[in-house]
Amino acid sequence: MLSRVGSSGLLEEGKEPSVRTINQSNRPFPLRLLQFLLLLLGLGILISFFSMYASRYLKVQNEVPVIHSRFQPCVDKPLSIESWVKPPANLFHKMNDTELLWRASFVPKIKKYPFKRIPKIAFMFLVRGPLPLAPLWEKFFKGHEKLYTIYVHSLPSYQPDFQPSSVFYGRQVPSQAVEWGMMSMCDAERRLLANALLDIYNEWFVLLSEACIPLQNFNIVYRYISRSRFSFMGAFDEPGPFGRGRYNQNMSPLINITNWRKGSQWFEINRKLAVDIVRDSTYYPKFEQFCRPSCYVDEHYFPTMLSIESPHLLANRSLTWVDWSRGGAHPATFGKADMTDEFFKKISNGKPCLYNNQPTSLCFLFARKIAPSALDQLLQNSSKFFAY
C-alpha cells in the first residue's frame with residue numbers, strides 16, 4: 001500500500017509522488033543557457049585572435065620603413081669588388097687631416113689587381129682662388145674622361161662658380177689656409193695627394209698651379225708619364241746659400257747636411273711615393289720645426305725625404321718649365337705678347353734631358369707662370385702650339 005510523505009518526512013500511505021515534483025528536482029541544466037554560454041566563449045576566442053592579429057599587423061606596418069632601411073643590404077645585390085673600389089662620387093667629406101691621411105695611407109698587400117683597372121693621372125691644382133686658364137685645360141682634357149681626375153685646393157673663403165658642364169665642377173677638396181714658404185703649403189699638397197689616393201684608379205699625381213698650362217696634348221702627356229720608370233721630382237744637392245745654406249743642424253742625426261736636397265715644388269710622382277708622403281710622421285716634425293723662412297719648406301721637404309727613402313725612383317727633374325733667369329724670389333711671368341711660336345720652340349728646343357736613362361729633347365709637359373691675359377691667344381692657337 002502506498003503512503004505519502006508527511007510533514008515528518010515519511011511517505012503517507014495511499015499517495016504517489018507527483019510527476020511535476022520529480023521533474024523539478026531532477027531536471028538537467030537548461031540547454032538554451034548552455035548554448036548561449038558556448039556562443040559567448042566562441043566569440044571571446046574569436047575576438048582575442050582578431051585583436052592579436054590586428055596588433056601585430058599594425059606594429060609591422062609602423063616599423064616597415066625602419067626595418068627596410070636597417071636591413072637594406074640584405075635586400076640589395078651582394079657586394080662586389082666594384083662596389084669596394086668605386087671612386088668617391090663626391091669630394092666633400094668631414095674628415096680632418098689626421099683622419100684623411102690615415103685613410104689615404106691604405107695600401108693593398110696583393111699587388112695584382114683582381115679587377116680591370118685603367119690607371120689614371122690625378123691633376124692636382126693648388127690655387128688661391130679662380131682658375132683663369134681653365135678654358136685651355138678644358139680643351140686639353142676633352143675626350144679623355146676615363147684617364148684623368150681633377151682635384152682643386154683653394155683658399156677656404158673662395159667659392160667656385162664653374163658650370164656643371166665644366167671638368168672642374170665639384171672638384172674642390174676640403175681645404176685650409178695656406179701661407180707661402182710655411183709648412184701649411186706642404187700640408188695642402190699632402191691634402192691633395194690624400195684626396196686623390198682615395199681613388200684606387202689614380203696611379204700618377206701631378207701638382208699644378210693656376211698659372212700652369214699643358215705644353216703637349218693629352219695623349220703625349222699620358223704616354224710620357226705612364227711609360228716612365230721614374231717619378232719627376234727635382235732633388236739637388238746645392239752647396240750655395242739657397243741650398244745647403246738653409247739646412248738647420250737641429251735636424252741631425254735623422255737628416256744630415258749630406259742628405260739635404262732642394263727641388264721644384266711642382267712635381268709628378270707615382271702612387272707608391274704619394275703614399276709615402278701622406279703617411280710620413282718621421283721627417284714631417286723636423287721640417288715643421290726647423291725649416292722656416294728663409295728655409296722654404298716646400299722646396300726641401302719632399303725632395304729630401306724621398307731622396308733618403310727612394311732615390312732610385314726619382315728622375316731628379318721636374319716636368320714643369322719655369323724661367324728663373326730674371327732673378328728674384330719668383331720666376332718670370334709671361335703674358336699675351338709672349339705667346340708665340342718662337343716662345344714655345346725655345347721651351348721644346350732647350351737643353352736635352354734623360355727619359356728612362358735615355359737622352360731626349362722632350363723634357364717639359366707643362367709651363368708656368370702664364371698670365372691670364374694670355375688665355376685668348378692660347379685658345380686661338382692651341383692646335384698650332386700644342387696639337388689640341
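Student: What makes β8 and β11 count as paired strands?

Tutor: Two strands pair if at least two bridges are found between them. In this predicted model, two bridges join β8 to β11, residues 366-367, so the pair meets that rule. The two strands run parallel. One residue to look at is Thr-320, whose bridge partner in β11 is Phe-366.

Student: Which strands form the open sheet, and in what order?

Tutor: The order is β6-β11-β8, three strands with mixed pairing.

Student: Why is one side of β6 and of β8 left without a neighbour in the sheet?

Tutor: Because β6 and β8 (320-321) stand at the edges, each with a single partner strand.

Student: What about helix α13: how far apart are its end C-alpha atoms, and how does that compare with a straight helix?

Tutor: Helix α13 covers residues 375-386, which is twelve residues. At 1.5 Å a residue a straight helix would reach 16 Å, but the ends of α13 are only 14 Å apart, so α13 falls short of the expected span. Just after α13, Ala-387 takes a positive phi of about 65 degrees.

Student: Which residues of α13 are buried, and what covers them?

Tutor: The buried ones are Leu-375, Leu-378, Asn-381, Ser-382, Phe-385 and Phe-386. Their cover includes α6 (134-141), β6 (213-214) and α12 (341-348).

Student: Why is Gln-216 called buried?

Tutor: Buried means under 20% relative accessible area. Gln-216 has 17%, so Gln-216 is buried. You'll find Gln-216 in the loop between β6 and α8. Leaving aside neighbours within four places in sequence, Gln-216 is in contact with several residues, among them Phe-140, Leu-362 and Phe-386.

Student: And how do you know whether Asp-199 is buried or exposed?

Tutor: Same kind of check: Asp-199 is at 3% relative accessibility, under the 20% cut-off, so Asp-199 counts as buried. Asp-199 sits in the loop between α7 (183-197) and β5 (202-208). Not counting residues up to four places away in sequence, Asp-199 touches Pro-87, Pro-88, Lys-120, Thr-149, Tyr-151 and Arg-271.

Student: What makes Arg-117 and Glu-203 a salt bridge?

Tutor: The rule asks for a side-chain nitrogen of Lys or Arg within 4 Å of a carboxyl oxygen of Asp or Glu. Here the N to O distance is 2.7 Å, so the pair qualifies. Arg-117 lies in the loop between α5 (97-104) and β3 (120-126) and Glu-203 in strand β5, so the pair ties together parts that are 86 residues apart in sequence. Arg-117 also counts as buried, at 16% relative accessibility.

Student: How many salt bridges does a search of the whole structure find?

Tutor: Eleven. Another one is Arg-279 with Asp-276, at 3.2 Å from N to O, so that pair is also within the 4 Å limit. Asp-276 is buried, with a relative accessible area of 12%.

Student: Where do Glu-299 and Arg-246 fit in?

Tutor: Glu-299 forms a salt bridge with Arg-246, with the closest N and O atoms 2.7 Å apart. The pair links distant parts of the chain: Glu-299 is in the loop between α10 (284-290) and α11 (301-309), Arg-246 in the loop between α8 (218-226) and β7 (268-270), 53 residues apart. Both Glu-299 and Arg-246 are buried. Salt bridges that share partners join Glu-238, Arg-246, Lys-262 and Glu-299 into one network.

Student: How do you know that Cys-291 and Cys-295 form a disulfide?

Tutor: Their sulfur atoms are 2.0 Å apart and the cut-off is 2.5 Å, so the pair counts as a disulfide. Cys-291 is buried at 3% relative accessibility, and Cys-295 is buried at 4%.

Student: Why is the disulfide of Cys-291 and Cys-295 called left-handed?

Tutor: Because the torsion about the S-S bond is about -80 degrees.

Student: What makes Cys-353 and Cys-363 a disulfide?

Tutor: Their sulfur atoms are 2.2 Å apart, again within 2.5 Å, so the pair passes. The torsion about the S-S bond of Cys-353 and Cys-363 is about -110 degrees, so this disulfide is left-handed too. Cys-353 is in strand β9 (residues 353-355), and Cys-363 in the loop between β10 (358-360) and β11. The count for the structure comes to two disulfides.

Student: How do you know that Cys-186 is in no disulfide?

Tutor: The nearest cysteine sulfur, that of Cys-291, is 8.0 Å away, and a disulfide needs sulfur atoms within 2.5 Å. Cys-186 counts as buried, at 0% relative accessibility.

Definitions and conventions:
Residues are numbered from 1 along each chain as its sequence is written. This is a predicted model: local features need pLDDT of at least 70, side-chain atom pairs count only at pLDDT 80 or more; totals for chains, interfaces and linings use all residues. Side-chain values use heavy atoms; hydrogens and water are left out. Helices (H or I, at least four residues) and strands (E, at least two) are DSSP runs, numbered from the N terminus. Buried means under 20% relative accessible area, exposed over 50%, partly exposed in between (1.4 Å probe, protein chains only). Contact means heavy atoms within 4.5 Å.
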